[in-house]
Each structure stands twice: as C-alpha cells, then as structure tokens.
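Student: Pick one part of this model and take me through it closely, please. I'd rather have a single spot done properly than a quick tour.

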Amino acid sequence: MKENLTPLSKHIKLKRKQNRLTQPELALKAGVGLRFVRGLEQGKTTLRMDKVNDVLRLFGETLGPVALDRDLLLKQDE
C-alpha cells in the first residue's frame, strides 16, 4: 500500500515515536483499534474525527479549524 502522508498522519507518527509508543500501544491507550491507528498514520482520507481526537488527546491536542489562504486555493482551482 502506497502511503499518502498528510500533515496529520506525519504529526501522529512523530508524536507516537517521541513518546516511544508502538502502534498497538497507542491504539490501546487511545481506546481505538490498531487498524485505525495504521490508517491514520498512512494518511487515510476518511477518518472519524472523534477517534482522531481520542488519539490526539493522549498528546494534549485536539482537532480544530485552520485558516487557509483563500486566494491561493482559488488560483489552484483555475
């Protein structure tokens, strides 16, 4: 399976490694399945936000809106 790493997937993997956790340990501590953690770290595009927040909560973080450069986005659509 080719990885399609996203900023979120890279962030989760980095935080997991910084905390010296294996994927199974992270899944257990966050109360999510190992398959979910693997998909999250591999950049799966459809994820349940509540489960992502369960993982992020272990690191004192949560999902939230991020401002984007609207002009740049419109130029990309042209």
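Tutor: Let's begin with handedness: a crossing is right-handed if the near helix is turned clockwise from the far one by less than a right angle, and left-handed if anticlockwise. By that rule, the crossing in which α2 passes α3 is right-handed, and α3 is the part I'll stay with. A caveat before going on: this is a predicted model, with local features requiring pLDDT of at least 70 and side-chain atom pairs pLDDT 80 or more, while totals for chains, interfaces and linings take in all residues. Numbering starts from 1 along each chain as its sequence is written, and side-chain values use heavy atoms, leaving out hydrogens and water.

For context, the chain has five helices and zero strands (DSSP runs, H or I of at least four residues for helices and E of at least two for strands, numbered from the N terminus). Along the sequence that reads α-α-α-α-α, and the C-alpha trace spans about 45 × 30 × 20 Å along its principal axes. Of the 78 residues, 27% are buried (under 20% relative accessible area with a 1.4 Å probe, protein chains only; exposed is over 50%, partly exposed in between).

Now α3 itself, residues 34-41. Its buried residues are Phe36, Val37, Gly39, Leu40 and Glu41. Their cover includes α1 (7-18), α2 (23-30) and α4 (49-57). Just after α3 comes glycine 43, with a positive phi near 85°.

Back to the α2 side. The axes of α2 and α3 (lines fitted to C-alpha atoms over the stretch in contact, with angles of 0 to 180 degrees between N-to-C directions) come within 8 Å and cross at roughly 115°. That is why α2 counts as roughly perpendicular to α3 (65 to 115 degrees; under 35 is roughly parallel, over 145 roughly antiparallel, the rest oblique). On the α2 side of the contact (heavy atoms within 4.5 Å) are Gln23, Pro24, Leu26 and Ala27, and they meet Leu34, Val37, Arg38 and Glu41 of α3. Sorted by class, that's five nonpolar, one polar and two charged residues (nonpolar: Ala, Val, Leu, Ile, Met, Phe, Trp, Tyr, Cys, Pro; charged: Asp, Glu, Lys, Arg; polar: the others, Gly among them).

Then there's the α1 side, where Glu41 keeps turning up. Serine 9 sits in α1 and counts as buried because its relative accessibility is 1%. Beyond four places in sequence, serine 9 touches Leu40, Glu41, Gln42 and Gly43. Isoleucine 12, with the same neighbours set aside, touches Leu26, Leu40, Glu41, Val55 and Leu56. Arginine 16, also in α1, is buried at 9% relative accessible area, and its contacts past four places include Glu41, Leu21 and Phe59. Leucine 14, another α1 residue, is partly exposed at 47%; its C-alpha is 9.5 Å from that of glutamate 41, 27 residues apart along the chain.

Finally, the core: the largest nonpolar one (buried Ala, Val, Leu, Ile, Met, Phe, Trp, Tyr and Cys joined through side-chain atoms within 4.5 Å) has 13 residues, and Phe36 and Leu40 are among those with the most contacts inside it, as are Ile12, Leu26, Val32 and Val55. The elements giving two or more residues to this core are α2, α3 and α4. Across the chain, 51% of the contacts with a separation of 6 or more link residues 24 or more positions apart.
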